[in-house]
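Reader: I've got this one open on my screen and I'd like a close look at one part, please. Could you take me through how the chains meet and what sits around those meeting points?

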Amino acid sequence: MKSGSNLEKILCAGHFAVTAELGPPKSVSAEVVYKKAETLKGYADAVNITDCQTAIVRMSSIAAGSMLASRGIEPIIQMTCRDRNRIAIQSDLLGASALGVKNLLCLTGDHQKFGNHPQSKNVFDLDSIQLIKMVKDMRDEKKFQCGEEIKVEPHFFIGAAENPFSEPFEFRVLRLAKKVKAGIDFVQTQVVYNVEKFSKWMEMVRELGLHEKVFILAGVAPLKSAGMAKYMKNNVPGMDVPDKIVERMTVAGKEKAKEEGVNICIDIIDQVKEIKGVAGVHIMAIEWEEIVPEIVEKAGLLPRP
Amino acid sequence: MIVGERKPMQEILDMIADHKKIFIAGCGTCVAVCMAGGDKEVSILSSAIKMARNKENKPIEILEQTPLRQCEWEFVDELKDKIEACEAVLSMACGIGVQTLVERFPKVIVYPAVNTTFLGLPEEQGVWSERCGACGNCVLDKTGGICPIVRCSKSLLNGPCGGSQDGKCEVDPEVDCAWQLIYDRLKTLGKLDDLTEILPPKDWSTGRDGGPRKIVREDMKL
Amino acid sequence: MIKVPCSGKIESIHIMRALEEGDGVVIYACHKEACQFLRGNLRAEARLAYIKNILKEISIEEERVQMYYLSPSNGVKFTRTLSTFYEDLKSLGPNAGRAEE
C-alpha cells in the first residue's frame, strides 16, 4: 500500500471505483462543506476538493479536506502549481498528511486571468509533472525536492488529471505516459460526453500499456439543461459534447431536462464501465452534489465496498 | 530587442504638471525601432504636450534630443547641457535609459514616458511580440528553439496544460500555445522523442527571482 | 499652401507643428489607386489616423485635420472642399492648443 487510503484499497482490490467532487465555499462556512460531504457519504469512495478552481478564491482544499477526514469521509485534495512555490507546496503537503489526508491530485491550475484576482502574480515554480515527481520522491525516496532527507515522510496516493479531448490529440497519450513515468497512481479524466473519442483514447492508452500502470477514472457530469450542454460545447475549452447529446437535452424540454441529464450520465457510466482499462468513474456534479446518490444508485454502483 | 509603448497622454501630463521647462530625451535604439521613443516620437510628444498645456493656459518650454542610446554613459553625457538647462527630464527610453540618466545626473528628476514591456521581435511593421524571459539559463536547445518560459503563459517545462485548444492558449485566443509550437517544431525535426524526457524543476535563481543580477568579466575590464 | 511631391512626404510632425500655430490643416492627396509613388497616399492616410488619435488624447478636435483625395485637374472639388473646411473650422473656433500670441 502506498498510502493506505480507501480509494487505493478499493482500486487495488479490483472494484470499480466511484469518486465525486465538491467545491469549497467562498467563505469560512464550514457547515457548507460538512453538508455537501454528508450528501456524498457512502456514495463515493473518496471526494475531490478543488483548489481555487478557475482561480477564484475559495476555502483551501487542504482545510476543507481535513474537515472531511474528521467526519470519516475520505478527501482527495487538489494542489495546483499556480499559487504556490515548491517551498509552500511541500510545507502544505506535510501539513495535509499530518491532518490525515491520503489522496492528492496534482494539477497545473487555471491561469489567474479566469478568476477574481486577475492582477495577481502567478507562481508556476513547478509544472504538474514536476509536482508529481516531487510528491513521489517525498513518499518513496523520503526526500524533499532539494535532496534533503525527510524524517517522517508523507504517504500520498498520487493522482493527476488528463484531457482525452484536447489538442494535440496524439500527444495527449504521450502526456499521460509522461505523468505515469513521473509517478502517478491514478488519473481522473476530463468529462466524457463523446464516448467514441474517449474509447479511441483508451485504445491508444492500452497500446502503451498505461492502463496497467495507472488506475484510470473516467470523468462524468450530469447536465442540468440544454443551455448548459450548449455552453459546454461552445465555450469551455477542452470539452467535447456531441450534437446528439445536445439534441437529447433539447428534446427533453425544460420539465424533463434534469431527468434526461441524469439518464445521459448513467448511460455514459454504463458504456465506459465496459471499456477495458477504465477502473472507475469520477462524478463531477458541482453545485448539484445532491444528485450524486441517485446517479450512483441507478448506475448499479451500490453498495460501495 | 526591448519593446515598449508610450504611456497614456494624461499620465504623462500629470507627471510634468508642475514643470515649466522640460527636456524630452529619446533613444535611437530599441524604442526607436518599436516606434515608441525615437526622435520622431520625441518631436510628436513635444508638440502634443505644448498644445495640451496651451489649452490649459499653462505654457511649457520643451527641449528635445535623441542620443543614439540612452543606456550608455558616453551617449547620455552628450545630454548634459540640455539636462542642466531644464527643471526635469521626460525620458522616452526604456526603464534602463531612465535609470542611466538618474545615475549619471543624480540631482535631476527623470520621468518615464514609456512603459517598458517585454523582450521581443517585430513580426511585421507595427506588430511586436514577446520572445525571451531573460531567465539566465536558456533551455531553447530542449524545446526546438521556442521559449517555454515566456511564450507559455504558465512557464511550463513539460507542457502543454489542459487549456491548450486549437493550438491557442487558454489565456487569449490570439496567443499561440507555446507547447503546440514546440510539438510541431520537434515533429518537423523528427525529434518528438525529446518530449518524453521529464525536464526537472527550473533553477529560477539565475533569473529575476534570485535577486538583481550583475555580470562581471574580469577578462574584459580595462 | 505647402506643395509636396507626394502626400506621403508629409510627416506627422509637420501636421502637429502646423497645429501649434494654426487652427487646422487640410491635406490634398491623389486618389488611392493613382499614387505615382504607389503607396505614398496610403502612408499619408495612416499618419493622419495616428495624429487624430494623439489629438483625441489631448482633447483637441480631430476635425481640425482633414484629408481629401482628388485628381490634379479637379479645381472644382478643390475649391468646394477648401470652402467647406474653412466653414467647419470657423464653427470649431480658434484652436485652444495654439501658442499665445
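What follows is a walk from one chain contact to the next, with the pieces behind them.

Author: Sure. Keep in mind that this is a predicted model. Let's start with who touches whom. There are 2 pairs of chains in contact, and chains A and B share the most contacts. Chain A and chain C don't join in any contact, and their closest C-alpha atoms lie 26 Å apart.

Now zoom in on the contact of chains A and B. Chain A puts in 26 residues and chain B puts in 24 residues. On the chain A side, the elements giving two or more residues are helix H5 (128-141) and helix H6 (169-182) of chain A. The largest share there, 5 residues, belongs to H6(A). As for chemistry, the side of chain A that touches chain B splits into 9 nonpolar, 8 polar and 9 charged residues.

What does H5(A) lie across? H5(A) crosses strand E3 (75-80), strand E4 (103-107) and strand E5 (157-162) of chain A, running at about 150° to E4(A). Those strands belong to a closed barrel of 8 strands, E1-E2-E3-E4-E5-E6-E7-E8 (chain A), with parallel pairing. On average, neighbouring strands in that barrel are turned by 30° against each other, direction ignored. To see where the ring shuts, look at E1(A) and strand E8 (residues 278-283) of chain A, which pair in the parallel sense over 4 bridges. Val18(A) stands opposite Val281(A) in E8(A).

While you're at the barrel, have a look at helix H2 (residues 30-40) of chain A, where Val33(A), Lys36(A), Ala37(A) and Leu40(A) are buried. Seen down the axis of H2(A), those buried residues fall within an arc of 100°, so they line one face of the helix. Their cover includes strand E1 (17-22), strand E2 (46-49), helix H3 (61-70) and helix H10 (292-298) of chain A. After H2(A) comes Gly42(A), with a positive phi near 90°.

Over to chain B. Its domain assignment gives domain 1 (2-118) and domain 2 (133-199), and 38 Å separate the centres of domain 1 and domain 2 of chain B, taken over C-alpha atoms. Chain B also has an open sheet of 3 strands in the order E1-E6-E7, with antiparallel pairing. Its edge strands are strand E1 (2-6) and strand E7 (127-132) of chain B, each pairing on one side only. Neighbouring strands of this sheet are turned by 70° against each other on average, direction ignored. Strand E6 (residues 114-124) of chain B runs antiparallel to E7(B), joined by 5 bridges, and Glu124(B) has Val127(B) in E7(B) as its bridge partner.

That leaves the contact with chain C. Here 12 residues of chain B are in contact with 16 residues of chain C. On the chain B side, the largest share, 10 residues, comes from helix H3 (residues 39-55) of chain B. The chain B residues that touch chain C divide into 6 nonpolar, 3 polar and 3 charged.

From the chain C side, check helix H1 (residues 12-21) of chain C, in which Ile15(C), Met16(C) and Leu19(C) are buried. Looking down the axis of H1(C), the buried residues fall within an arc of 100°, so they line one face of the helix. They pack against H3 of chain B, together with strand E1 (25-29), helix H2 (40-57) and strand E2 (65-69) of chain C.

Notes:
Residues numbered from 1 in each chain as written. Chains lettered and ligands numbered in written order. Predicted model: local features only at pLDDT ≥ 70, side-chain atom pairs only at ≥ 80, totals over all residues. Domains from an automatic or database assignment. Contact = placed C-beta atoms within 7 Å. Nonpolar A, V, L, I, M, F, W, Y, C, P; charged D, E, K, R; others polar. Pairing = 2+ DSSP bridges. Axes fitted to C-alpha atoms, helices over the stretch in contact; angles between N-to-C directions. Buried ≥ 20, exposed ≤ 12 C-beta atoms within 10 Å, placed from the backbone. Arc of directions from axis to C-beta.
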